Amino acid sequence: MDAKEALKEIKGGRFRPIYVLYGKDRYRVQHFITMLTEAMFSPEERELGIVKFDTAETSIEEAVLEAETSPFFVQRKLILIRDATVMCAGGKEGGKLEHRPEKLIQYMEYPSETSIIVISVNAEKLDERRKLVKTLKDRNALVPFPELDAAQLKQWMIKRAADQKRTMSPDAADLLLSRAGANMQQLSQEVDKLCLHAGSGGTIDVETAALMTAATVEEDVFALVDAIAELRIDKAIRLYRELLVRREEPIKIAALIARQLRIMLQIKELEQHQYSPQQMAGQLGLHPYAVKLAAEKSRKFQVPRLGRLLASLADLDYQMKTGAIDKTLGLELYLLSLGMEKGA
């Protein structure tokens, strides 16, 4: 079941007896639970209406027993179960506890009309080999929450601002993505901060976003790598010195440059094997937006040049860590030496 479909039903006052929430986007998982809670209870009812369990500490059948028990002083009861063992792929079923998932399967045949069960599985995927997961899938109870891609995150930020009667430009959303990353919790805080600054009916443009948010080390290293690609050594040196003013360690800066070059080299290799951006993100363990940015940068480099840059950075790293060269001077000399290149 799609999360939008489920939320539409909930806003219409229609509740399913059980929801299983899973995926990497924990922010939207929590948002779903919040929306369901607000639809079911008034603020004063929540303490009486919500019961929480964790399968690491309590057996699943105890949660089922609670769901079968009539609520007190409220019309409905919300059973929140946090799970990292019973249904997730790669986890030991039950962990240290002995669980009886068949009890939940039996419950689903005749679920209580006054209880709603929400199982939040802290895993990217469920183990679909398990009978419980298969049964829940047949009941259309599974609600996946994959990470949003860059376009979806931009749309979400712009809508969040619009919901607060502010207008956010696409360029401002792009800048927030580059500075805050793809973490929706952090993005929501940044959007709300900018909305507060803009005021009702205000506009959040890229200049405002740049002024009100801090540039990250990674963002400056990205720009430094760009300068290296274009052989703009003067710009690379300037960016490096700005990082030093912010008390960033030369060894850390070199490591971040190497990491970015390594990702670009890996992307070039995967592109030769016809991997999609989503597949590359899974293979590299990165968010699709980070892969998109790195892929754009990688087009400015040829594979041999990336190999040479990485090899020379490895040598520099060894010299800096063994004291063979001063750290600050060493990285600056490295950047200056790139000006001697005769081409990519």
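Helix α11 covers residues 217-229, and at 1.5 Å a residue its 13 residues should span 18 Å; the end C-alpha atoms are indeed 18 Å apart, so expectation and model agree. Please keep in mind that this is a predicted model. Eleven of the 13 residues of α11 are buried, so the helix is largely enclosed by the rest of the structure. The points below start with α11, move on to α15 and Q152, and end with the whole chain.

**Helix α11 and its surroundings**
- If you would like to find the buried positions of α11 in your viewer, they are V217, E219, D220, V221, F222, L224, V225, D226, A227, I228 and A229.
- Acidic residues appear in that buried set too, among them E219, D220 and D226.
- Six helices pack against the buried residues of α11: α8 (170-180), α12 (233-245), α13 (250-272), α15 (288-298), α16 (303-322) and α17 (327-337).
- After α11 comes L231, which has a positive phi, near 55°.

**Helix α15, a partner of α11**
- Eight of the eleven residues of α15 are buried, so this helix is mostly covered.- Those buried residues of α15 are P288, Y289, V291, L293, A294, A295, K297 and S298.
- The cover over the buried residues of α15 includes α7, α8, α11, α13 and α14 (277-284).
- The contact between the two helices can be seen from either side, as α15 packs against the buried residues of α11 and α11 helps to cover the buried residues of α15.

**Q152 in helix α7**
- Q152 lies in helix α7, which runs over residues 150-163.
- Is Q152 buried or exposed? Q152 has a relative accessible area of 36%, and because that value falls between the 20% and 50% cut-offs, Q152 counts as partly exposed.
- Q152 and M168 are 16 residues apart along the chain, and their C-alpha atoms are separated by 15 Å.

**The chain as a whole**
- The protein chain has 17 helices and seven strands.
- Its C-alpha atoms fill a box of roughly 75 × 50 × 40 Å along the principal axes.
- The radius of gyration of the protein chain is 25 Å, whereas a compact globule of 344 residues would have one near 20 Å.
- Of the 344 residues, 46% count as buried.
- Among contacts between residues at least 6 apart in sequence, 75% join residues at least 24 apart.
- The accessible surface of the chain comes to about 18600 Å², and carbon and sulfur atoms account for 51% of that area.
- The chain carries 50 positive and 50 negative charges, and the mean positions of the two sets are 3 Å apart.

Note on methods: Residues are numbered from 1 along each chain as its sequence is written. This is a predicted model: local features need pLDDT of at least 70, side-chain atom pairs count only at pLDDT 80 or more; totals for chains, interfaces and linings use all residues. Side-chain values use heavy atoms; hydrogens and water are left out. Helices (H or I, at least four residues) and strands (E, at least two) are DSSP runs, numbered from the N terminus. The radius of gyration is taken over C-alpha atoms; the globule rule is 2.2 Å times the number of residues to the power 0.38. Buried means under 20% relative accessible area, exposed over 50%, partly exposed in between (1.4 Å probe, protein chains only). Contact means heavy atoms within 4.5 Å. Accessible areas come from the Shrake-Rupley method with a 1.4 Å probe; for residues, only the protein chains shown count as cover. Lys and Arg count as positive and Asp and Glu as negative; His and the chain ends are not counted. The place of a charge is taken as NZ of Lys, CZ of Arg, CG of Asp or CD of Glu. The expected span of a helix is 1.5 Å times one less than its number of residues.
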